[in-house]
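I opened a new page in my notebook for this chain. I'll jot down what I look up, entry by entry.

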Amino acid sequence: MEGQEPVSGPVDRVGGQQPVAQQDAFTRWVYGRPFFGGLWLTLGGAWILVTMKASVKVVLHVGMQGVAGYLLPTLMVLLGLLILFSPDQRLFYSITGVLISMGTWVTSNLGGFMVGLLLGVAGSILTFGWLPDQDPRVSRRGRARPATQDGSATDTAQNGTDTPMAQTVTAAGTPRAAQ
């Protein structure tokens, strides 16, 4: 195992993982954007639109026969599609998506009987938390500097505060041991 370069991606049939370069175009497209956040927000809006035809009349009718009941889920679908196809503005889309999803509680059959509302909120949260091309996190122990034989920390750019004997810089710019 040692000496092999790390690979990421789906597991192939043999049991190993495929390198990113060997993945198909759709897989790279999915990993390059907050796919599941946009998908869940779109599905939440679609679910609410479907439940608007339910026989239960728990809809707040505003304006032209409850246009807000159809407008908010339509905006949810639109925002979900914008997240999928234009992920650069994902923070604005996700904040707007969660606010619109919460607004469907009042306007659209209790947010599609809570299913569409929860899908929309969860999708917006997933989108908000998605970070592109981020290196894997390193634990605190992994970030700690290694100690040398004499116990002092090794650092190429010591500023004098981490060493047992602080250094001061003279006017000429050369370090001098502080007394």
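**Entry: Trp 105**

I started with Trp 105, and I should say straight away that this is a predicted model. Is Trp 105 buried, exposed or partly exposed? Its relative accessible area is 41%, and since buried means under 20% and exposed means over 50%, Trp 105 counts as partly exposed. I found Trp 105 in helix α4, which covers residues 90–107.

Next I looked up which surface patch Trp 105 belongs to. Trp 105 joins Val 106, Leu 110, Met 114 and Leu 118 in a nonpolar surface patch of about 430 Å².

**Entry: Leu 110 and Phe 113**

Leu 110 is in that patch, so I checked how much of it shows: at 32% relative accessibility, Leu 110 counts as partly exposed. I placed Leu 110 in helix α5. What I wrote down with an exclamation mark is its phi, which is positive at about 55° although Leu 110 is not a glycine.

Phe 113 lies in helix α5 too. Its phi is near 55°, again a positive value in a residue other than glycine. I noted Phe 113 as partly exposed, with 36% relative accessibility.

**Entry: Asn 109**

Is Asn 109, in helix α5 (residues 109–113), buried or exposed? Asn 109 counts as buried, because its relative accessibility is 0% and the limit for buried is under 20%. I then looked for a polar partner for its side chain. A polar atom of the Asn 109 side chain lies 2.6 Å from the backbone oxygen of Thr 51.

**Entry: Gly 66**

I went to the loop between α2 and α3, where Gly 66 is found. I had to read the value twice: Gly 66 has a relative accessible area of 2%, so this loop residue is buried. I also compared positions along the chain and in space. Gly 66 and Thr 107 are 41 residues apart along the chain, yet their C-alpha atoms are separated by 7.7 Å.

**Entry: the core**

Which residues make up the largest nonpolar core? I listed eight: Leu 41, Ile 48, Leu 72, Met 76, Leu 79, Ile 83, Tyr 93 and Ile 100. Helices α2 (35–51), α3 (67–85) and α4 each supply at least two residues of this core. The largest share comes from α3, with four residues. I copied a rule from class next to this list: in soluble globular proteins, nonpolar side chains tend to be buried together.

I picked Ile 83 from the core and looked up its contacts. Leaving aside neighbours within four places in sequence, Ile 83 is in contact with Pro 34, Gly 38, Leu 41, Tyr 93 and Thr 127. Leu 41 and Tyr 93 are in the core list as well.

**Entry: Thr 42**

Thr 42 lies in helix α2. I asked myself whether Thr 42 counts as buried or exposed. With 14% relative accessibility, Thr 42 counts as buried, because the limit is under 20%. Its side chain reaches the backbone oxygen of Gly 38 at 2.8 Å. Gly 38 also turned up among the contacts of Ile 83.

Not counting residues up to four places away in sequence, Thr 42 touches Met 76, Val 77, Gly 80 and Leu 81. One of these, Met 76, belongs to the largest nonpolar core.

**Entry: Trp 29**

My other tryptophan was Trp 29, in helix α1 (residues 25–31). Trp 29 counts as partly exposed, since its relative accessibility is 25%. What does Trp 29 contact once neighbours within four places in sequence are left aside? I got Phe 35, Leu 84 and Phe 85. From C-alpha to C-alpha, Trp 29 and Leu 84 are 9.5 Å apart, with their positions 55 residues apart in sequence.

**Entry: zooming out**

I finished with the whole chain. I counted seven helices and two strands, and read along the sequence they follow the pattern α-α-α-α-α-α-α-β-β. Of the 179 residues, 28% count as buried. The chain exposes about 12,600 Å², and carbon and sulfur atoms supply 63% of that.

I also checked the contacts with a separation of 6 or more: residues 24 or more positions apart account for 60% of them.

Notes:
Residues numbered from 1 in each chain as written. Predicted model: local features only at pLDDT ≥ 70, side-chain atom pairs only at ≥ 80, totals over all residues. Heavy atoms only, no water. Patch = residues over 30% accessible without salt bridge, like charges linked within 9 Å, V, L, I, M, F, W, Y side chains within 5 Å. Areas by Shrake-Rupley, 256 points an atom, 1.4 Å probe, with all protein chains shown as cover. Salt bridge = Lys/Arg side-chain N within 4 Å of Asp/Glu carboxyl O. Buried < 20%, exposed > 50% of the residue type's maximum accessible area, 1.4 Å probe, protein only. Core = buried A, V, L, I, M, F, W, Y, C linked by side-chain atoms within 4.5 Å. Contact = heavy atoms within 4.5 Å. Polar contact = N/O pair within 3.5 Å; in protein donor to acceptor, adjacent residues only side chain to side chain.
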